[in-house]
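Biologist: Could you walk me through this model at the bench-side level? I would like to go site by site.

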Amino acid sequence: MKALVYNGSRDVSVKEVPDARLERPTDALVRITTTNICGSDLHMYEGRTDLEPGKILGHENLGVVTEVGSGVERIQVGDRVCLPFNIGCGFCRNCESGMPSYCLTANPDPDMAGAAYGFAGMGPFSGGQAEYLRVPFADFNCLRLPEDAEEKEDDYVMVADIFPTGWHATRLAGLKPGESCVVYGAGPVGLMAAYSALLQGASQVMVVDRHPDRLRLVERMGAIPIDDSKGDPVEQVLNLTDGRRADCGCECVGYQAHDHLGTEHPEMTMNDLVQSVKFTGGIGVVGIFLPSDPGAPDEMSRNGRLPFEMGTFWFQGQRIGTGQAPVKVYNRQLRDMIHRDRAKPSFIVSHDLPLDQAPEAYEHFDNREDGWTKVVLKP
Ligand code: NAD
Ligand code: ZN
């Protein structure tokens, strides 16, 4: 089959690889019809992880079931399914307590909790930027889609990761209807966090970034764009809230945060959030911070130790929630919102491309070139 393979830093190509196949009775095989490039793929693409060359990338996957193992009971051949990027077993302590993103058994590494397709450090699982994907614990990990699945494929595929991740950011932040929320980052994840906040009845949603195309999408959805190349974002939040700050905030950038001139400051968004959110307010951090980053600008950040203003954070009585989004906690509800026309997350899609064009797409998306907001691949 054809697949997008990681060869090394900023080097990916579409190659012929051995076909994905069932390996356990609880597996399903899915023919991938839509698979996205995610900001998380860029950590590996940029060579900031120890991902082994030859790995197939892709964790935002949707497709049609073509084969099921003898132990699969609920899912059937022909089902159109959306696959949460986290792979859970469904029966370990963490899965049972609603945290399948920290599954204790799917990842064969006993020191790790959590598994995912096509990721560094998240188990041996191949990604879905390919013609076929092996789905472990298929009964647990496949979300069946309704009859409008084909027509709304670019909406439903967002349920594999970024829509639930954006939603999760607002839940970690503790957003309540009528409150205000500031989001750092207008990439696909930040846009989905802002969209989720609006869907949940926030009175004011502000989004910080500097890319005009991404800020235009912020405005189009009814949120307030904050361009940090035009001035300090914290000052702008204070101005927009009559000095009261936002009730809560979401971090949707991660350790690759930089100033608008391009210098990397991995600690920047967290410290700006502490200053932009009210005393006692909540902060949801879904942007990824890794324990080590060989590409980081200084020794401290290379070891994952960022200069976070703990004193100010504590003094202000704020709360913080972090980590990988437990997609399964939200994906049925978000699927149903799409089905009933209450949500249309595909408004962020900028490119629908064949798999063959993935290498060029990675390059454009990694450069955050104007107009390259979200790439959807069609193997
Ligand atoms: P992206 O790289 O496309 O978007 C990040 C955006 O942040 C860019 O538009 C960039 O201009 C902006 N930015 C950079 N520095 C900034 C700053 N100082 N202030 C404000 N904005 C700044 O990526 P994405 O796909 O939107 O993903 C965002 C983060 O979320 C990544 O770290 C990704 O790995 C992570 N992620 C986490 C989960 C999870 O489960 N927690 C899931 C998916 C993605
Ligand atoms: Zn993703």
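What follows is a short conversation about a predicted model.

Biologist: Which arrangement do the 4 donor atoms around the zinc ion (ligand 2) make?
Modeller: The protein donors are Cys38 (SG), His59 (NE2), Glu60 (OE) and Asp161 (OD), lying 1.9 to 2.2 Å from the zinc ion. Four donors count as tetrahedral if all angles lie between 85 and 135 degrees. Here the angles are 90 to 135°, so the arrangement is tetrahedral.

Biologist: Happy with that! How many residues apart in sequence are the parts that histidine 59 and aspartate 161 tie together?
Modeller: Both histidine 59 and aspartate 161 are buried. Histidine 59 sits in the loop between helix H1 and strand S4, while aspartate 161 sits in the loop between helix H4 and helix H5. The pair therefore ties together parts separated in sequence by 102 residues.

Biologist: Now a salt bridge: is aspartate 366 buried or exposed?
Modeller: Aspartate 366, in helix H13, pairs with arginine 10, and their closest N and O atoms are 3.2 Å apart. Arginine 10 is partly exposed at 49% relative accessible area. Buried means under 20%, and aspartate 366 has 7%, so aspartate 366 is buried.

Biologist: Lovely. Which helix gives the largest share of the nonpolar patch?
Modeller: The patch, of about 550 Å², is made by Phe279, Met310, Trp314 and Phe315. Phenylalanine 279 belongs to strand S12. The largest share, 3 residues, comes from helix H11.

Terms used. Residues numbered from 1 in each chain as written. Chains lettered and ligands numbered in written order. Predicted model: local features only at pLDDT ≥ 70, side-chain atom pairs only at ≥ 80, totals over all residues. Heavy atoms only, no water. Donors = N, O, S within 2.8 Å, 3.2 Å for Na, K, Ca; no water. Tetrahedral: all angles 85-135°; square planar, octahedral: opposite > 155°, others 65-115°. Helix = DSSP H or I, 4+ residues; strand = E, 2+ residues; numbered from the N terminus. Buried < 20%, exposed > 50% of the residue type's maximum accessible area, 1.4 Å probe, protein only. Patch = residues over 30% accessible without salt bridge, like charges linked within 9 Å, V, L, I, M, F, W, Y side chains within 5 Å. Areas by Shrake-Rupley, 256 points an atom, 1.4 Å probe, with all protein chains shown as cover. Salt bridge = Lys/Arg side-chain N within 4 Å of Asp/Glu carboxyl O.
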